[in-house]
Amino acid sequence: MVNEEKVRIMTDLARYQEGPGRKYLEIASYYRSDYIGIALIKNFFMVSIGYVGLLFFVAGYYLEILLEEINEINLVILGIELILGYAVALVLYSAITYIICTIRYDKAKNSVQKYYQELGKLDKIYISENLKNEMLQNGWRV
């Protein structure tokens with residue numbers, strides 16, 4: 001006989017695994033510090049690439065002005081401004097990445113915890129069915 005509760009739980013678990021659970025199970029497989037650390041490392045490289053790209057774009061746009069005033073530009077101040085701009089951008093985007101990843105991780109952990117609770121219910125159903133079947137095989141009345 002089909003246990004409707006077992007089928008419902010299995011269907012819900014399969015739906016979860018194919019939907020949002022796929023992402024959440026992957027996130028929850030990391031330690032919190034590892035997940036956030038990986039995201040911050042990716043953020044560092046993406047900010048660096050983006051900042052250099054932006055500098056090339058701006059320099060290309062103002063190339064004529066830069067070439068006309070190359071002798072009048074204080075390169076030390078320009079270098080300090082560029083480094084400070086990079087530091088501000090890196091700190092800003094790192095803070096945003098940290099906040100977003102912390103929220104994602106907490107959401108994933110809570111979601112996966114509910115998933116494991118449902119798995120526990122399913123396991124209890126299987127254990128009770130197996131116990132019942134063993135008792136029937138040994139001649140017990142159930």
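How do the residues of the lining of the largest pocket divide into nonpolar, polar and charged? The views below, taken from a predicted model, begin with that pocket.

**View 1. Lining of the largest pocket.** The lining divides into 14 nonpolar residues, with no polar and no charged ones. The pocket has a volume of about 280 Å³. Of its 14 lining residues, Leu-55, Ala-59, Leu-66, Leu-78 and Leu-82 lie nearest the centre. The elements that each give two or more residues to this lining are α3, α4 (63-68) and α5 (75-137). Helix α3 supplies the largest share, five residues.

**View 2. Surroundings of Asn-43 in helix α3.** Helix α3 spans residues 32-61 and includes Asn-43. Asn-43 has a relative accessibility of 9% and therefore counts as buried, the limit for that class being under 20%. Apart from neighbours within four places in sequence, the contacts of Asn-43 are Leu-90, Tyr-93, Ser-94 and Thr-97.

**View 3. The aromatic pair Tyr-30 and Tyr-35.** The structure holds seven aromatic pairs. In the pair formed by Tyr-30 and Tyr-35, the ring centres are 6.2 Å apart and the planes stand at 40 degrees, so the arrangement is classed as tilted. Tyr-30 is partly exposed, its relative accessible area being 34%, whereas Tyr-35 is buried at 13%.

**View 4. An aromatic cluster of tyrosines.** Tyr-16, Tyr-115 and Tyr-116 together make up one aromatic cluster.

**View 5. Salt bridges along helix α1.** Side chains of opposite charge can pair when their charged atoms come close. Six salt bridges are found in the structure. Arg-8 and Asp-12 are joined by one of them, with an N to O distance of 3.0 Å. Both residues belong to helix α1 (residues 4-18) and are four residues apart, about one turn of the helix. Asp-12 also forms a salt bridge with Arg-15, where the closest N and O atoms are 3.5 Å apart; these two residues of helix α1 are separated by three residues, again about one turn. Arg-8 is partly exposed at 38% relative accessibility, as is Asp-12 at 30%, while Arg-15 counts as exposed at 55%. Through shared partners, salt bridges join Glu-5, Arg-8, Asp-12 and Arg-15 into one network.

**View 6. The salt bridge between Glu-18 and Arg-22.** The side chains of Glu-18 and Arg-22 meet at an N to O distance of 3.3 Å. Glu-18 and Arg-22 are both exposed.

Technical notes:
Residues numbered from 1 in each chain as written. Predicted model: local features only at pLDDT ≥ 70, side-chain atom pairs only at ≥ 80, totals over all residues. Heavy atoms only, no water. Buried < 20%, exposed > 50% of the residue type's maximum accessible area, 1.4 Å probe, protein only. Contact = heavy atoms within 4.5 Å. 1 Å grid on protein atoms, 1.4 Å probe; cavity = no way out; pocket = protein on both sides within 12 Å on 5 of 7 lines; lining within 4 Å. Points joined across faces, edges and corners; volume = space filled by probe spheres on them. Nonpolar A, V, L, I, M, F, W, Y, C, P; charged D, E, K, R; others polar. Phe/Tyr/Trp six-rings, centres within 6.5 Å; stacked < 30°, edge-to-face > 60°. Salt bridge = Lys/Arg side-chain N within 4 Å of Asp/Glu carboxyl O.
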